[in-house]
Amino acid sequence: MTSPAPVPAASRSLPRVVAASLIGTTIEWYDYFLYGTAAALVFNKLFFPNSDPLTGTLLSFLTYAIGFAARPVGALVFGHFGDRVGRKKLLVLSLLLMGGSTTLIGALPTYDSIGAAAPVLLTALRLVQGFALGGEWGGAVLLVSEHGDQRRRGFWASWPQGGAPAGNLLAAGVLSLLTSVLPDDAFLSWGWRVPFLLSAVLVGVGLWIRLAVDESPLFRQALAAAEQRRKSEAEAEQPPLVAVLRHHWREVLVAMGARMAENISYYVMTTFVLAYAVTHAHFAKQTALNAVLIGSAVQFALIPLFGALSDRVGRRPVYLVGAVGVGVWAFVFFGLVDTRSFGQLVVAVTVGLVFHSAMYAPQAAFFSEMFATRMRYSGASIGAQFASVAAGAPAPLIATALLKDYGNATPIAVYVAVAAAVTVLAVLCGRETRGRDLTGVEPAAGAGAADTTAIGTPATT
């Protein structure tokens, strides 16, 4: 048996890479969550004005869900080229696509101006957003994971995950500010456009930072090794997608299952809750937004702490605590919202996001450590984004339909709890990856296959 590879020293550029990934993912999630927040609060009135309020919200969330359909396509395309030409180039492209589509949403005419063409154009731009985000996540977490060392990978790789609550914080914060200073008619007329148009400025900042980072050293090393194999054996390397599905299909299924509770609970507790709090519990829009703001701020602070904890006790234990916690909390969550107390609403959202953080923080390192370098972008992205179609995409839609059919939130809590059970089962079926040497999971000579003996062998600590 060969001895494990030595632990590589963390790259001197690691803090800069972490900052670039965090800022880039924050901007992309800002753009993505901005749509979800607007879908819950204003798009039903602007793009589906002929429907009753709950049906309009349902249609608005349908366009929101359609964006998720493009995420697996983005994962396939960006994963393929990210494993062929590098992580950095694809991350720059994803930022441009996301920022451009979000800015254009801010300039869209509404239903009153152009009729049915307005929701059609809105849906098309949402598809571009989904395509871009499908490629962003894998590249951002891999760029950090592949620059650092295995002993603190959970901590460092969790920072790009902080882009989700930071983006949500930024999106909800901008909308909350606008709803507080503008009367309703002004906000519906032009105020809602401001956050979308602001994306153009944020993307410029993100590109300036992201272009300054280096390509992943592990990817450069793996690319050089693959080139040597091609020259010496005259055998073509398998496309990353083929290699992943052939040699890592179990890991893809584990990743998909692990995302069910994480993805569903997040969109129920941060996006659907806005519509629920306003239309069902009769909170003011700004009050509901402020609760999500507070919860997102707490989550942003907790994510690196849970990432560091996963370096000490393992990815699976931390993930399981989050999955079980969110399944139980779902039954408490809506009862607190129904009290119509702002304090109880804040507690409901914040505690829910604490449990979500326990899943989301170790996820980046957990998924990265499952796959070989030359198929890691594809594997991590496919596992994460294909799950989002069945999980996050329909979550607000299903929650809204259940509320409309049953008139109360108990079926929604059952829905979240079932997702939690699926995630617990998936994580229990996966292997612990803490301490795994990423350089020890490489394609076998000549076949592009994963070295399955190395895959289950953690490095010594």
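## Reading helices, salt bridges and surface in a predicted model

Tutor: Let's start with a pair of helices: helix 18 (residues 395-406) and helix 19 (residues 410-429) have axes that come within 8 Å and cross at roughly 145 degrees. Keep in mind that this is a predicted model.

Student: Okay, but how do I read an angle and a distance like that?

Tutor: Here's the general idea: two packed helices are described by the angle between their axes and the distance between the axes. Now look at who touches whom. From helix 18, Ala395, Ile398, Ala399, Leu402, Leu403 and Tyr406 meet Pro411, Ile412 and Tyr415 of helix 19.

Student: How many nonpolar, polar and charged residues are in the contact of helix 18 with helix 19?

Tutor: Nine are nonpolar, and there are no polar and no charged residues in that contact.

Student: Let me zoom out. How many helices and strands does the protein chain have?

Tutor: The chain has 20 helices and zero strands. Of its 461 residues, 60% are buried. Here's another one to chew on: take contacts between residues at least 6 apart in sequence, and 86% of them join residues at least 24 apart.

Student: Now salt bridges. What's the thinking there?

Tutor: Side chains of opposite charge can pair when their charged atoms come close. The count for this model is five salt bridges. Try Lys285 and Asp184, whose side chains meet with 3.8 Å from N to O. Lys285 is in helix 14 (residues 285-313) and Asp184 is in helix 9 (residues 184-191), so this pair links distant parts of the chain, 101 residues apart.

Student: Is Lys285 buried or exposed? And what about Asp184, buried or exposed?

Tutor: Use the cut-offs: buried means under 20% relative accessible area, and exposed means over 50%. Lys285 has 18% relative accessibility, so Lys285 counts as buried. Asp184 has a relative accessible area of 53%, so Asp184 is exposed.

Student: Which residues are linked in a network of salt bridges?

Tutor: Arg153, Asp311, Arg315 and Glu369 are. Let's follow Arg315. Its salt bridge with Asp311 has the closest N and O atoms 2.8 Å apart, and for its salt bridge with Glu369 the closest N and O atoms are also 2.8 Å apart. Arg315 sits in helix 15 (residues 315-338), while Glu369 is in the loop between helix 16 and helix 17 (373-390), so the pair ties together parts that are 54 residues apart in sequence.

Student: And where do those side chains fall on the buried scale?

Tutor: Arg315 has 0% relative accessibility, so Arg315 counts as buried. Asp311, at 12%, counts as buried, and Glu369 is buried too.

Student: Can we try a residue outside the salt bridges? I picked Thr350.

Tutor: Sure! Thr350 is in helix 16 (residues 342-368). Thr350 has 14% relative accessibility, so Thr350 counts as buried. Skip its neighbours within four places in sequence, and Thr350 is in contact with Ile294, Gly295 and Val298.

Student: Last one: the surface. Which residues make the nonpolar surface patch?

Tutor: Val73, Leu76, Val77, Phe81, Val85, Leu241, Leu245 and Phe386 make it, and it covers about 600 Å². The elements giving two or more residues to the patch are helix 3 (53-85) and helix 12 (240-247). Helix 3 has the largest share, with five residues. Leu241 lies in helix 12, and Leu241 is partly exposed at 33% relative accessible area. For the whole chain, the accessible surface is about 16,400 Å², and 68% of that belongs to carbon and sulfur atoms.

Terms used: Residues are numbered from 1 along each chain as its sequence is written. This is a predicted model: local features need pLDDT of at least 70, side-chain atom pairs count only at pLDDT 80 or more; totals for chains, interfaces and linings use all residues. Side-chain values use heavy atoms; hydrogens and water are left out. Patches are made of residues with over 30% relative accessible area and no salt bridge: like charges are joined within 9 Å, nonpolar side chains (Val, Leu, Ile, Met, Phe, Trp, Tyr) within 5 Å. Accessible areas come from the Shrake-Rupley method with a 1.4 Å probe; for residues, only the protein chains shown count as cover. A salt bridge is a side-chain nitrogen of Lys or Arg within 4 Å of a carboxyl oxygen of Asp or Glu. Helices (H or I, at least four residues) and strands (E, at least two) are DSSP runs, numbered from the N terminus. Buried means under 20% relative accessible area, exposed over 50%, partly exposed in between (1.4 Å probe, protein chains only). Contact means heavy atoms within 4.5 Å. Axes are lines fitted to C-alpha atoms, for helices over the stretch in contact, and angles run from 0 to 180 degrees between N-to-C directions. Ala, Val, Leu, Ile, Met, Phe, Trp, Tyr, Cys and Pro count as nonpolar, Asp, Glu, Lys and Arg as charged, and the others, Gly among them, as polar.
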